[in-house]
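Got your viewer open? Load the model, get your selection tool ready, and follow along one stop at a time.

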Amino acid sequence: MFPSRYVQRLLLGSLLASGLTPGQAQQPLVPKGPVVIRNVNVVDVRAGQVISNQQVVIRGGCIDVVGRQAPAGGAVLTIDGRGKYLIPGLWDAHSHALTSQPAADAALAQYLVHGVTGVRDVSSARPRAELAETVRAVDAGERPGPHLVLAGVLDGPGTFSPGARLAHTQAQGRAQVDTQAAAGWACIETRALLPRAAYLGAAEAAAQRRLGFGGDIPEAVTVGEALAAGHRCVAHLDKVLLGCSPRETEIVAARAAILTGPRPAWTLQQHRAEQQAAINADFNPGRCARLAADLVQRGTFVVPLLGADQAESPNGPGTCARWHGAADSTTVALHRQLVAMLHHEGVRLLAGSDAGPQQDAAYGLGLIEELERLVAAGLPPDEALLTATLVPAVLLGRQTELGEVAPAHNADVVLLDANPLDDIRNLRRVQTVIVRGRIYNRAALDALAAEAAKPAATLRTVAR
Ligand SMILES: [Zn+2]
């Protein structure tokens with residue numbers, strides 16, 4: 001089959017621009033001057049609408065111009081955007097892509113293939129220096145991958161998270177945050193087994209050091225306590241659902257007591273399983289509405305991670321599912337109801353995939369699936385799209401450079417064959433991905449996907 005006229009033009013323009021021979025056509029293009037995407041439909045995620053027939057000029061990895069007219073001449077590459085839709089690159093707010101080095105390269109490539117140009121990684125298993133080297137190599141263009149933001153993991157004794165920092169007492173919680181800050185972590189991710197005192201100590205230290213602080217709300221802490229302590233980003237809905245039960249304080253106290261006994265992780269897991277039906281039956285909409293109002297008032301972010309519930313998903317349950325997920329149908333339905341309610345009340349929701357080594361097929365695709373789940377739960381497509389574009393930009397304090405197709409923003413953009421505001425599944429129809437000024441056309445994305453699918457893939461170094 002001959003490539004479409006669009007692909008031919010892109011390939012031809014690309015080859016001329018890059019000086020590559022046809023045999024190297026699957027490499028990303030790194031144009032040495034401005035690129036113009038002509039006559040494209042720009043998806044304005046802020047307004048939730050499409051602006052048709054726009055000229056988008058990209059220069060040095062940044063968006064220079066978006067408008068009816070593009071400055072004449074000067075472009076080294078023109079991409080025909082007719083009939084296509086340009087969105088900001090997507091962000092995954094919760095991933096375990098960097099858990100192991102051999103898997104990471106393929107995982108990061110798969111993210112790009114699906115139009116995900118930013119990932120917040122919460123892996124715990126590797127030393128920070130190793131993770132930082134991966135970030136450096138990707139940023140330098142030595143390996144293909146999205147922008148990466150790292151969070152340092154803090155948990156309690158009995159953790160399921162290999163490599164997590166552990167704390168038991170308030171002083172240890174403080175000390176671990178101090179150590180993580182000194183090691184360069186800008187963000188602390190808490191996990192379920194962190195004891196209450198250690199959590200409060202860590203929260204205090206993180207606030208003093210102005211570090212990002214969030215993650216699982218520990219089992220020994222109520223949602224209200226966590227919000228008051230400065231928990232900025234809540235991962236998973238299980239503790240939010242528990243917060244909608246009038247017996248939350250009693251159940252949290254029971255769990256805190258289990259943490260001090262023998263085999264805490266195993267016993268807690270049993271307790272959670274036994275209590276879930278009662279928690280679901282206790283669901284109190286009024287209490288839930290007050291909790292949502294508190295989340296809105298404090299500007300807290302919530303990452304629902306509905307994928308962690310999907311034990312029946314072809315990709316298997318998410319990485320955190322061992323603790324949070326594999327939920328029964330009533331819990332899954334309540335989580336969806338919660339998402340709809342939190343969204344309706346104006347809580348800042350973030351899309352996250354929970355993708356990790358147990359489900360490596362879901363890197364990138366898992367985020368698209370999560371966006372589809374958010375729409376199935378009741379979010380309109382334009383508002384679902386916000387959870388992977390503008391909202392993560394706000395979380396990271398980078399809304400002047402990320403999350404929109406707008407002048408002065410990073411040119412991390414995705415060209416789609418169809419309008420995602422009509423149908424969120426159109427996010428699967430990726431034609432071209434641009435990240436850090438590198439242009440991956442469909443052929444380059446297919447080559448990247450093929451290489452990432454090889455067992456223990458070792459991706460080639462990307463040509464500069
Ligand atoms: Zn997770």
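Before the first click, one term: two strands pair if DSSP finds at least two bridges between them. Also keep in mind that this is a predicted model.

**Stop 1: a strand with two partners**

Select residues 413-416, which make up strand β16. Look at where the side chains go: Val413 and Leu415 point one way, while Val414 and Leu416 point the other way. Those four residues are all buried.

Now add residues 85-88, strand β5. β5 and β16 run antiparallel and are joined by 4 bridges. Which residue stands opposite leucine 416 here? Click on tyrosine 85 and you've found it.

Next, add residues 430-435, strand β17. Again the strands run antiparallel, with 4 bridges joining β16 to β17. Leucine 416 has a bridge partner in this strand too: valine 430.

**Stop 2: the open sheet**

Time for a wider view. Colour the strands β10-β9-β11-β12-β13-β14-β15, and you get an open sheet of 7 strands in that order, with parallel pairing. Why do β10 (165-166) and β15 (348-349) have one side without a neighbour in the sheet? They stand at the edges, and each has a single partner strand, so one side of each is left free of sheet neighbours.

Zoom in on β12 and β13 (residues 233-235), which pair in the parallel sense over 2 bridges. Select glycine 215, then look across to β13 for its bridge partner, valine 234.

**Stop 3: helix α5**

Select residues 196-208 to bring up helix α5. This helix has 13 residues and reaches 19 Å from its first C-alpha to its last, close to the 18 Å expected at 1.5 Å a residue. Its buried residues are Ala198, Tyr199, Gly201, Ala202, Ala203, Ala205 and Ala206. What do those buried residues pack against? Show β9 (152-155), α4 (170-182), β11 (187-190), β12 (212-215) and α6 (223-229), and you have the answer.

Just after α5, pause at arginine 210, where phi is positive, at about 55°.

**Stop 4: two rings**

The structure holds 2 aromatic pairs. One of them is formed by tyrosine 199 and phenylalanine 213, with 5.4 Å centre to centre and 45° between the planes, and it counts as tilted. This pair links distant parts of the chain: tyrosine 199 sits in helix α5 and phenylalanine 213 in strand β12, 14 residues apart.

Are these rings buried or exposed? Tyrosine 199 has a relative accessible area of 0%, so it is buried. Phenylalanine 213, at 5%, is buried as well.

**Stop 5: the cysteines**

A disulfide is a covalent bond between the sulfur atoms of two cysteines. This structure holds 1 disulfide. Select cysteine 244 and cysteine 288 to see it, with the sulfur atoms 2.2 Å apart. The link is right-handed, with 55° about the S-S bond. It connects distant parts of the chain: cysteine 244 is in the loop between α7 (238-242) and α8 (248-259), and cysteine 288 is in helix α10 (residues 285-298), 44 residues apart. Cysteine 244 and cysteine 288 are both buried.

Now try cysteine 187. Why is there no bond from its sulfur to the one in cysteine 233? That is the closest cysteine sulfur, but it is 7.8 Å away, too far for a bond. Cysteine 187 is buried, at 13% relative accessibility, whereas cysteine 62, at 34%, counts as partly exposed.

**Stop 6: threonine 99**

Head to the loop between β6 (90-95) and α2 (101-113), and pick threonine 99. Its relative accessible area is 23%, so it counts as partly exposed. The side chain of threonine 99 reaches the backbone oxygen of histidine 96 at 2.7 Å. Setting aside neighbours within four places in sequence, threonine 99 is in contact with Ser123, Ala125, Arg126 and Pro357. Serine 123 is 24 residues from threonine 99 along the chain, yet their C-alpha atoms are separated by 5.2 Å.

**Last stop: histidine 343**

Finish in helix α12 (residues 329-345), where you'll find histidine 343. Beyond its neighbours within four places in sequence, histidine 343 is in contact with Leu349, Leu379, Pro380 and Glu383. Try a C-alpha to C-alpha distance in your viewer: histidine 343 and glutamate 383 are 8.9 Å apart in space and 40 residues apart in sequence.

Notes
Residues numbered from 1 in each chain as written. Predicted model: local features only at pLDDT ≥ 70, side-chain atom pairs only at ≥ 80, totals over all residues. Heavy atoms only, no water. Buried < 20%, exposed > 50% of the residue type's maximum accessible area, 1.4 Å probe, protein only. Contact = heavy atoms within 4.5 Å. Expected span 1.5 Å × (residues − 1). Disulfide = S-S within 2.5 Å. Polar contact = N/O pair within 3.5 Å; in protein donor to acceptor, adjacent residues only side chain to side chain. Phe/Tyr/Trp six-rings, centres within 6.5 Å; stacked < 30°, edge-to-face > 60°.
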